[in-house]
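Good morning, and thank you for the time. I would like to walk through one structure today, beginning with its aromatic side chains and ending with its charged ones.

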Amino acid sequence: MASLSSRTHGNNLRNAVVALLAPLPSIFFYLSFLRHYSTAEADSLSPLWTWCYSHPLLLANVLFFLNVNLLFWLVGLLQSSHWMIDLYWTVIPVLLVHYFSTHPLAECNAWRSSLVIFLTWVWSVRLTHSYFRREKWQFGAREDWRFSDLRLQYGKNWWWVSFFAVYLIQQVFLMGICLPLYAVHSKDRQLNIWDLVAALVCLTGVTIAYFADTQLHNFVSRNEKLKQLGQALVPNLDEGLWHYSRHPNYFGEQLWWWGLVIFAWNLVNGWMFIGALVNSLCLAYVTILVEERMLKQQYRAEAYKNYQKTTSVWVPWFKTSLAGKKKET
């Protein structure tokens with residue numbers, strides 16, 4: 001037992017070091033660019049630094065591709081686990097908002113920029129806390145169950161399929177939904193009522209997601225204790241926000257991203273809703289996968305079928321009468 005505990009502690013420490021070192025290549029490169037830019041005349045910059053100056057959005061994508069897609073993928077192959085992308089989903093938006101705000105071509109309203117940076121930090125701290133609480137405060141304890149399922153599905157081809165299915169697709173999603181962070185730092189326009197609306201939507205989303213995840217964590221913890229005692233598990237969470245929605249955590253997360261879209265729309269970049277829309281569609285598919293997984297668990301299948309019939313999928317709403325459903329059929 002002591003040997004197992006020591007090994008777990010060693011793995012946790014090793015993964016923590018890997019996670020902390022992983023983004024440093026991009027950070028050091030960008031800081032080097034800023035140093036060269038600040039100490040040289042614009043027309044005397046090298047071709048590399050000139051390109052970095054002229055293409056802030058492309059540079060962000062190149063750094064993401066090299067540092068996240070390639071480096072994280074190689075680390076995942078070496079560890080036989082692609083756990084790190086889940087952790088950095090909570091961190092990358094923070095890195096991006098600071099990148100966009102400090103790039104020499106940034107043009108923004110200082111109050112709006114500060115507001116969005118603050119909100120992004122609030123969102124990130126909430127989600128990071130939820131991630132580590134779920135993982136029992138360990139780094140790399142496991143990879144996302146969807147990746148594990150894909151690993152079994154693709155077998156010996158998983159090593160190269162994972163580059164596209166885990167990493168490249170994450171770049172499309174993350175860079176797409178983070179476009180409003182770029183919009184906020186590409187136009188200087190006075191604050192107005194729509195900024196307050198956007199901030200309220202973002203904060204509402206973060207708050208709903210926090211309480212939903214906390215209620216889910218408490219439910220899972222209670223079931224784990226019941227399992228240890230050899231008692232029957234509670235088949236379904238039907239309390240708190242989960243009484244009104246089958247996936248209130250997903251609903252809160254979507255509110256956050258659509259709140260950012262309002263910031264972009266207010267700056268005449270309404271087309272940036274595409275990122276949030278694609279993310280919502282993807283989450284709708286994930287919802288289907290999650291519910292299929294729930295129905296495969298014998299002890300909860302019947303209870304969950306009834307839960308599906310009476311409870312809204314995402315948007316919290318009042319229960320539908322099960323008796324009414326039976327009459328319709």
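Let me start with a cluster of rings: Phe29, Tyr30, Phe33, Tyr37, Trp49, Tyr53, Tyr99, Phe100 and Tyr182 are joined to one another through ring pairs. Please keep in mind throughout that this is a predicted model.

Across the whole structure, a search returns 23 aromatic pairs. One of them is formed by tryptophan 73 and tryptophan 159, whose rings are stacked, with 6.4 Å from centre to centre and 25° between the planes. The angle is what earns the label, because planes under 30 degrees apart count as stacked. Which parts of the chain does this pair link? Tryptophan 73 belongs to helix H4, residues 56–79, and tryptophan 159 to helix H9, residues 158–177; the two are distant, 86 residues apart. As for its surroundings, tryptophan 73 has a relative accessible area of 13%, so it is classed as buried.

A word now on the annotated segments. The UniProt record, an unreviewed entry, lists residues 12–33, 53–75, 87–106, 158–184, 191–212 and 255–288 under "transmembrane region". Two of these can be set out in terms of the model. Residues 12–33 are 91% helix and 0% strand, and the C-alpha atoms at the ends of the span are 33 Å apart. Residues 255–288 are 82% helix and 0% strand, with 19 Å between the end C-alpha atoms.

I turn next to a tryptophan that has charges placed over its ring. The charged end of arginine 293 sits over the ring of tryptophan 145, at 4.4 Å from the ring centre. The charged end of arginine 146 also sits over the ring of tryptophan 145, at 5.9 Å from the centre.

Arginine 146 brings us to the salt bridges, of which the search of the whole structure finds 11. Arginine 146 meets aspartate 144 in one of them, at 2.6 Å from N to O. Here arginine 146 is partly exposed, with a relative accessible area of 29%, whereas aspartate 144 is buried at 10%. Elsewhere, Arg126, Asp213 and Glu253 are joined into one network by salt bridges that share partners.

Another salt bridge joins arginine 151 and glutamate 143, with 3.1 Å between N and O. Arginine 151 is partly exposed at 25% relative accessibility, while glutamate 143 is buried at 11%.

A further example is glutamate 224, which forms a salt bridge with lysine 136, the closest N and O atoms being 3.3 Å apart. Glutamate 224 is in helix H11, residues 193–228, and lysine 136 is in the loop between helix H7 (110–134) and helix H8 (145–154), so this bridge ties together parts that are 88 residues apart in sequence. Glutamate 224 itself is partly exposed, with a relative accessible area of 34%.

Glutamate 224 also figures in my last case, arginine 300, which is located in helix H14, residues 298–310. Why does arginine 300 have no salt bridge? The nearest side chain of opposite charge is that of glutamate 224, and it is 11 Å away, whereas a salt bridge requires a nitrogen within 4 Å of a carboxyl oxygen. Arginine 300 is nevertheless buried. What does its side chain reach, and at what distance? The side chain of arginine 300 comes to 2.8 Å from the backbone oxygen of proline 235.

Thank you; I am happy to take questions.

Notes:
Residues numbered from 1 in each chain as written. Predicted model: local features only at pLDDT ≥ 70, side-chain atom pairs only at ≥ 80, totals over all residues. Heavy atoms only, no water. UniProt positions renumbered as here; feature names shortened; annotations may be inferred. Helix = DSSP H or I, 4+ residues; strand = E, 2+ residues; numbered from the N terminus. Phe/Tyr/Trp six-rings, centres within 6.5 Å; stacked < 30°, edge-to-face > 60°. Buried < 20%, exposed > 50% of the residue type's maximum accessible area, 1.4 Å probe, protein only. Lys NZ or Arg CZ within 6 Å of the ring centre and 35° of its normal. Lys, Arg positive; Asp, Glu negative; His and termini not counted. Polar contact = N/O pair within 3.5 Å; in protein donor to acceptor, adjacent residues only side chain to side chain.
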